[in-house]
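Biologist: I have a protein model open and I am new to this. Can you show me how to read it, one feature at a time?

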Amino acid sequence: MIDLGIVKSEEVELLINDIMRIYGYDFSNYNRASLTRRINRLCSIDSFSSFAVLRYRINNDKNYLQRFIEEIMVNVTEMFRDPLFYKTLRTEILPKLASYPFIRIWVAGCSTGEEPISLAILLKEANLYDKSLIYATDINSSVLEKASSGIVATRNMRQYAENYIASSGVEDFSKYYRVF
């Protein structure tokens, strides 16, 4: 199969090294095939004629870097996405954290915020919410803005409720949201 992409896999290495050196963002552990596809898609959308033009733009335009990040990031999020993890957190970790005077939790890569909301629910049910602080961050400012609104699409609530039950949820899940 002929690769018609502008950016070749060896050029992706140059780009991620540039981004790390200039901006401090580390994409070195990202899947190269996926990253190459996403970068080539961006080049097509933004009509870049060559890798050199893309590289120059990223290296010299911090505002464009934000667009680059928004296009290449995979924003996957779901409330109680891994029910077994949340069940373990509920039954094994939170009881141990109860002895601490204050709890800080950092959700790096929070996307639109479903994981921090899930944690808040667990903390509330364990009577630890009032002595907890959840930090939720993401490199993508547009999804972080959605997360800070606290609004979640209702079309996903059935799946979220199933995940909650599978994580040993103790309440009626509908207690935790309002439909507008």
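Modeller: Start with confidence. This is a predicted model. Where pLDDT is low, the predicted coordinates should not be read in detail.

Biologist: In which elements is confidence lowest and highest?

Modeller: Helix H7 has the lowest confidence, with a mean of 88. Helix H5, residues 83-97, has the highest, at 97. Across the protein the mean pLDDT is 91. A value of 70 or more is reached by 98% of the residues.

Biologist: Let me stay with H5. Which residues can I look at there?

Modeller: Take Tyr 86, which lies in helix H5. Its relative accessibility is 4%, so it counts as buried. Leu 89 lies in H5 as well. Leu 89 counts as buried because its relative accessibility is 13%, under the 20% cut-off.

Biologist: How far apart in space are Tyr 86 and Glu 114, C-alpha to C-alpha?

Modeller: The distance is 13 Å, with their positions 28 residues apart in sequence. Now try Leu 89 and Thr 154. They are 65 residues apart along the chain, and their C-alpha atoms are separated by 25 Å.

Biologist: Next, aromatic rings. How many aromatic pairs does a search of the whole structure find?

Modeller: The search finds eleven. One of them joins Phe 173 and Tyr 176. The centres are 6.4 Å apart, and the planes make an angle of 55 degrees, so the pair is tilted rather than edge-to-face, which needs over 60. Phe 173 also pairs with Tyr 177. That pair is tilted too, at 5.8 Å centre to centre and 50 degrees between the planes.

Biologist: Are these three rings buried or exposed, or in between?

Modeller: Phe 173 is buried, at 5% relative accessibility. Tyr 176 is partly exposed, at 24%. Tyr 177 is also partly exposed, with a relative accessible area of 29%.

Biologist: Which residues do ring pairs link into a cluster?

Modeller: The cluster holds Phe 80, Phe 85, Tyr 86, Tyr 164, Phe 173, Tyr 176 and Tyr 177. So Tyr 86, the buried residue of H5, belongs to it.

Biologist: Phe 80 is in that list. Which side chain has a polar atom 2.9 Å from the backbone nitrogen of Phe 80?

Modeller: That side chain belongs to Ser 118. Ser 118 is found in helix H6. At 0% relative accessibility, Ser 118 is buried.

Biologist: Now pockets. What is the general idea?

Modeller: Rolling a probe the size of a water molecule over the atoms shows where empty space is left. Here, the largest pocket has a volume of about 410 Å³. It is lined by 18 residues. Closest to its centre are Pro 116, Ile 117, Ala 120, Ile 121 and Tyr 129.

Biologist: Which elements give two or more residues to that lining?

Modeller: They are helix H6 (114-125), strand S2 (132-137) and helix H7 (141-149). H6 gives the largest share, six residues. By class, the lining has twelve nonpolar, four polar and two charged residues.

Biologist: How much space lies in the second largest pocket?

Modeller: About 260 Å³. Its lining has 14 residues. Nearest the centre are Gly 150, Val 152, Met 157, Tyr 177 and Arg 178. Tyr 177 is familiar: it also pairs with Phe 173. By class, this lining has eleven nonpolar, two polar and one charged residues.

Biologist: Last topic: the backbone. What should I look for in phi?

Modeller: Most residues other than glycine have a negative phi. So look for exceptions. Ser 111 is one, with a positive phi of about 50 degrees. Asn 127 also has a positive phi, near 60 degrees.

Biologist: Where are Ser 111 and Asn 127 found?

Modeller: Both sit in loops. Ser 111 is in the loop between strand S1 (103-108) and H6. Asn 127 is in the loop between H6 and S2.

Biologist: Are Ser 111 and Asn 127 buried or exposed?

Modeller: Ser 111 is buried, at 2% relative accessibility. Asn 127 has a relative accessible area of 70%, so it counts as exposed. Find both on the model and compare their surroundings yourself.

Methods: Residues numbered from 1 in each chain as written. Predicted model: local features only at pLDDT ≥ 70, side-chain atom pairs only at ≥ 80, totals over all residues. Heavy atoms only, no water. 1 Å grid on protein atoms, 1.4 Å probe; cavity = no way out; pocket = protein on both sides within 12 Å on 5 of 7 lines; lining within 4 Å. Points joined across faces, edges and corners; volume = space filled by probe spheres on them. Helix = DSSP H or I, 4+ residues; strand = E, 2+ residues; numbered from the N terminus. Nonpolar A, V, L, I, M, F, W, Y, C, P; charged D, E, K, R; others polar. Buried < 20%, exposed > 50% of the residue type's maximum accessible area, 1.4 Å probe, protein only. Phe/Tyr/Trp six-rings, centres within 6.5 Å; stacked < 30°, edge-to-face > 60°. pLDDT = per-residue confidence, 0-100. Polar contact = N/O pair within 3.5 Å; in protein donor to acceptor, adjacent residues only side chain to side chain.
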